[in-house]
Amino acid sequence: MTTDAGGKRLDGEEPRRFLIAAAVSRYPKCPDWDRPGLVRAREQVIDLFTQQLGYRHESALGLDPTMQQLREHLWAFCTSAERREDDLVVVYLSGHGEVLEDGGEHVLLLSDTDPADVAFTSLPTADLVRVIRGSRIRRLLLILDTCYSGQGGNELAAKALERLGTQWQSTTGAGLVIVSSAQPHQQAKTGLFPDLLSQAVASRATAGHAPAHLSVSTVVQQMNSHPDKPGYQHISLSLLGLTGEPPDFLTNPRHNVRLTDVDLALQDAAEFDAYARRRDTEFTTRLLVRAMGYHGDGAHGWWFCGRHRVLGELAGWLNRTDLRHGTGPPVREAGVSDVLRVVTAGPGSGKTAVLGLVSALAQPARRRTVPVDTLGLDDEMIPGEGSIDVVMYAQNLTNSEVLGGLAAAAGLKSTQVGDLLEGLEQQNGNGQRPLTVLIDALDEAATPDTLCSQIIRPLIEHSRGRIRLLLGTRPYLLDRLGIDTQQQPVIDLDSPGYADRHALLAYALRNLIQSRQTSPYRTLKGRQGQQLLRSVAEAVSAAAGTSFLVARFAAYTLASAEAVADPHDPAWRASLPRHAGQAMRDDLTRRLGLDAQRATDLLRPLAYAEGQGLPWEDIWAPLASAVSGRTYTDDDLLWLRSNAGSYVVEATENGRSAYRLYHQALTEHLREGVDATTIHGAFVDILTGCVPYRGDATLDWSRAHPYSLHHLATHAGAAGRIDDILEESEYLVHARPNTLTPQLHHAASDTARLTAAVYRTALHLHATAPASVRRIALALNAARAGAGALHEQLNCQAQPGAWVPTSATGSDFTTALLDTITTDSGSVRAVVCTNLDGAFIVLTSDGTVRMWDLATRRPIGEPFTGHTAPVFAVACTVLDGTSIAITGGDGTVRVWDLATRRPIGEPLTGHTAQVRAVACTVLDGTPIATTSDLDGTVLIWDLRAGRLLQSLVAPACRDVALTSDGHIVVVLGRDIAVFERT
């Protein structure tokens, strides 16, 4: 045994999986009940769970158990000393179920049940849970597959069990999951349930290759939507006693980490084509797939071409060792060129491919898969092993997600840029080299501007050799990083010095020959054929300009044709695509004909997906239907996979498969000429419509798809429909606060604004608290706000036996609250607002001075450093066109440039005690500041000259203010004094 005395799993062990499968096919006392087909149905379930899902079958129970046999076997299994709390147990029971006329209790009919006395000789369904509840079993999936002759539907069976589910053990990771199905005896189709279950497990709509486990909710959803399921049968799901996410009962039989994020064309090849199976499919991220550069159904391998100059420069920069910190001689101060390289280009110019190859070469496990000789790479073009510590692709990532990813790579827990740099300082103090980070697709982040200005730029400016950044972005963000295109750190792949025309031609040639196995360009032989091939490739690359993406699609379209094009035909040359959208449109039209619209309709929802992509599971096809006005099903998505799969890649989000477009340029093309508001409105309708119902006809948001809980608010905000989702009280309980909160300002109606205020009041709880705590907090604040309907709805959905707030006063509740900003250092002592470069910002003093973006509620850069004691006062004004802040606290007054967050000049001295108040104005064109300290001294400063103008005495001074005409207002305890200039 490998458990401790308490039956707990030891470190390093996986949870064990057990199946108990029983079916009652024969009823000796009532042959009319016999269902011989259940023998095969039970075998199907056993085969599914043992052969595909990794379970061990406990075979002692067998077929046709009596009531006593079923009780005793379950009790013996569950109370065995070998049981562990992390065991995953599935119990499958098939037979007859009924509801007793006397008392309405749901029962299961076993082989010894007597039709003359069903009440005494049947097993109460609730006893199944009672037997197990007192044991070590904490994770139980109970599957009831029953038919009935009178009453006895699955809803009644589930209800009988739910009454006990509220008392289920509350161990971390525990959960009682009930899947129940019932059909009328006269119409029962034996073996239908196992068939539906097997097909749902096998369906790509349930999950692709990425997730390690299947969602039980998604499996049940797929079973209910299957065309073979008759209308009289419904499969219900109950999730009880959860202490987090439901246990992972169902392993994903398709799970393959090597296939995650590979485009769908390669997935097919890896599964069905022996040639592709020999290829190393570890290159699963977007960067590596782009670096390989293959396309279509031809030779899958490394098609990367050229770019030797940029590869050499990046390798030389990565291989530098002169920025190490240690105990030896001090190194020079690191400049921008030491800590930063930015690779930039227009869409499709190969920026991600370059960075993908660099990252592959820098990682020891992947480096040996790169054919460096075939790619013509010399030693000076190859970065050292381990020279890059973390690779990130920023598409749809928030600022906090990027910062959190960087911190995790360094082994740190940091929520602020300053904390990350401080942690890196401690690590570098041990002689380590700087943390080296590769981040691509900055322009595709959730908020590109603020990511650059509030996260990346401070890291650059305050690096001091602690971190190096290799970035990929489109050119428009360079100014947000504080650099321009002429600086050394910038490598523009579209510029004459880096644009590789020969590489683009070589790439076009390879796509013409190898992107399709049926390409007519494969047949061109001899000198004349080679010249014709080159002429076509030259025309393609000339039209593509600097875009490898356009060349790829154009060549693939030509390779799909039946005949070789005439490169001397002016009309043909004029028709060649010159941007990605045109190339995509031409490819779909020429290859698919009338089905091009079908493909476009199916791809368009992906252009508006949030996070890592759009789920398939009963969401993608309905969305395509709603957006296009034409009906699409999963069969259409399977067709898309076969005919345009290379436009799509599979990713993983929240343990589920998610699908997105191959390139951002395709996203931009599919958004052209489309009403985004209408599209997002369709997302709201479909995502809401997919939420299952409870027995009381309300939506069960606890079982909503993770995509809905994470991203519905974003779509609702874009559609102008935040009011609609704020009507759902349980959505507020289960939605993800980080995506819901930024959309609350869109609330329009009085009721919606009140609901938004209720939600904001407890923001500090929503981020980390479980759903049960969120519900109580929301109900309490709803009571304080007088939001009666919301308060009642929240209390009605509380667990039976839970204490709920029935009334509360709300003297400090205000609907004016928009958000709560939480600092890490202590109580906020001063707050001031101003405008910086057109954006509203907030400065707070909580011992240190921090600057916040009022729109995103996120900190901007590091805290201001310089004061030697806590800061208690802060004010803002403008000095010669520059926005400045004036701070005080340690006996000195300091002036700061808000754009650079750096001090201007030397500290202003003159106070002999702690500075507690600051005020500013402009008098006769001169910026003036007034400061006061604990000793009652009030000093007046000329901020332009940095000199003291006058000193006043105001005993017991607590605060000061300045008017535009030069009056100084001083608060003296309960009194006020006014000074004016003579």
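# Close-up views of a predicted model

**View 1. Helices H1 and H6 pack side by side.** Helix H1 (residues 38-52) packs against helix H6 (residues 192-202) at an angle of about 20 degrees, and their axes lie 9 Å apart. The angle is under 35 degrees, so H1 counts as roughly parallel to H6. The model shown here and in every other view is predicted. H1 passes H6 in a left-handed crossing. From H1, the contact takes in Ala41, Gln44, Val45, Leu48, Phe49 and Gln52. From H6, the residues are Pro194, Asp195, Leu197, Ser198 and Val201. By class, this H1 and H6 contact divides into seven nonpolar, three polar and one charged residue.

**View 2. Helix H23 crosses helix H25.** The axes of H23 (residues 596-603) and H25 (residues 634-644) come within 10 Å. They cross at roughly 105 degrees. That value falls in the range of 65 to 115, so H23 is roughly perpendicular to H25. H23 contributes Arg598, Ala599, Leu602 and Leu603 to the contact. H25 contributes Asp636, Leu637, Trp639 and Leu640. The contact of H23 with H25 has six nonpolar residues, no polar ones and two charged ones.

**View 3. Ser708 sits in helix H28.** H28 spans residues 706-719. Is Ser708 buried or exposed? The relative accessibility of Ser708 is 1%, so Ser708 counts as buried; the cut-off for buried is under 20%. Leaving out residues up to four places away in sequence, Ser708 touches Leu687 and Tyr731.

**View 4. Strands S22 and S23 form a hairpin.** Strand S22 covers 873-879 and strand S23 covers 882-888. The two pair in the antiparallel sense over seven bridges. Within this pairing, Cys876 of S22 stands opposite Ala885 in S23. Six of the seven residues of S22 are buried, so S22 is largely enclosed by the rest of the structure. The hairpin has two residues between the strands. Asp880 lies in that loop between S22 and S23. Asp880 is not a glycine, yet its phi is positive, about 50 degrees. Most residues other than glycine have a negative phi. Asp880 has 56% relative accessibility, so Asp880 counts as exposed; the cut-off for exposed is over 50%.

**View 5. Arg901 also has a positive phi.** Where does Arg901 lie? Arg901 is found in the loop between strand S24 (892-897) and strand S25 (902-903). The phi of Arg901 is about 60 degrees, although Arg901 is not a glycine. At 10% relative accessibility, Arg901 counts as buried, whereas Asp880 at 56% counts as exposed.

**View 6. Four strands make an open sheet.** The order is S27-S28-S29-S30, and the pairing is antiparallel. Which strands stand at the edges? They are S27 (915-923) and S30 (947-953). Each has a single partner strand, so one side of each is left without a neighbour in the sheet. On average, neighbouring strands of this four-stranded sheet are turned by 20 degrees against each other, direction ignored. Inside the order, strand S28 (residues 926-933) and strand S29 (residues 937-942) run antiparallel and are joined by five bridges. Ile928 has Asp942 in S29 as its bridge partner. Strands of a sheet pair through backbone hydrogen bonds.

**View 7. Three strands make another open sheet.** The strand order is S31-S32-S33, with antiparallel pairing. S31 (957-962) and S33 (975-979) stand at the edges. Each of these edge strands has a single partner strand, so one side of each lacks a neighbour in the sheet. Neighbouring strands of this three-stranded sheet are turned by 20 degrees against each other on average, direction ignored. How many bridges pair S32 and S33? Strand S32 (residues 968-972) and S33 pair over five bridges, in the antiparallel sense. Val970 stands opposite Ala977 in S33.

Definitions and conventions. Residues numbered from 1 in each chain as written. Predicted model: local features only at pLDDT ≥ 70, side-chain atom pairs only at ≥ 80, totals over all residues. Heavy atoms only, no water. Axes fitted to C-alpha atoms, helices over the stretch in contact; angles between N-to-C directions. Parallel < 35°, antiparallel > 145°, perpendicular 65-115°, else oblique. Left-handed = near helix turned anticlockwise from the far one by under 90°. Contact = heavy atoms within 4.5 Å. Nonpolar A, V, L, I, M, F, W, Y, C, P; charged D, E, K, R; others polar. Pairing = 2+ DSSP bridges. Buried < 20%, exposed > 50% of the residue type's maximum accessible area, 1.4 Å probe, protein only.
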